[in-house]
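Student: I have this one open for the time being and would like to go through it with you. Could you take me through the strands?

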Amino acid sequence: GMLVHVGAYTEGTGRDGVHLLRADPAAGTVRRVGSAAAGPEPSFLARHPGGRVLYAANEVGAWEGRPTGAVSAFAVDPATGALALLGRRASGGGAPCWIAVDRA
């Protein structure tokens, strides 16, 4: 089956924010196979067209004491779907809730 990453709200849950699922379209099944800490409130995800980087919009009103949210970038292991943090930067605005990747 194919690996799918799903972002989630984390406030007050104590849980990881990105869940890794394996979908089997032929069988019509989806099962959770892992998760990753992706910073606070990684509500929306976008994958780079090359497939090796996943971006998360950290939908928070303040990050590191500044009135802004953040965007996180993760390397994606193509075999397992495991994530490794590449970096996190302020988004320049509060509570970013959507992210897109341009081929350029």
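Tutor: In this predicted model, one open sheet is built of 4 strands, which follow the order β4-β5-β6-β7 and pair in the antiparallel sense.

Student: Okay, and which strands stand at the edges there?

Tutor: The edges are taken by β4, residues 42-47, and β7, residues 83-90; each has a single partner strand, so one side of each is left without a neighbour in the sheet.

Student: How much are neighbouring strands of this sheet turned against each other?

Tutor: On average the turn between neighbouring strands of this sheet is 25°, with direction ignored.

Student: And how many bridges are there between β4 and β5?

Tutor: There are 5 bridges between β4 and β5, the latter covering residues 53-58, and the two strands pair in the antiparallel sense. As for individual residues, the one that stands opposite L45 is A56, which lies in β5.

Student: Switching topic, what order do the strands β1, β2 and β3 have?

Tutor: Those 3 strands form an open sheet in the order β1-β2-β3, and their pairing is antiparallel. Because β1 (2-7) and β3 (29-36) stand at the edges with a single partner strand each, one side of each is left without a neighbour in the sheet. Neighbouring strands of this sheet are turned by 30° against each other on average, again with direction ignored.

Student: So how many bridges join β2 to β3?

Tutor: Strand β2, which spans residues 18-24, is joined to β3 by 7 bridges, and the two run antiparallel.

Student: Which residue in β3 is the bridge partner of A23?

Tutor: That partner is V30.

Definitions and conventions: Residues are numbered from 1 along each chain as its sequence is written. This is a predicted model: local features need pLDDT of at least 70, side-chain atom pairs count only at pLDDT 80 or more; totals for chains, interfaces and linings use all residues. Side-chain values use heavy atoms; hydrogens and water are left out. Two strands pair if DSSP finds at least two bridges between them. Axes are lines fitted to C-alpha atoms, for helices over the stretch in contact, and angles run from 0 to 180 degrees between N-to-C directions.
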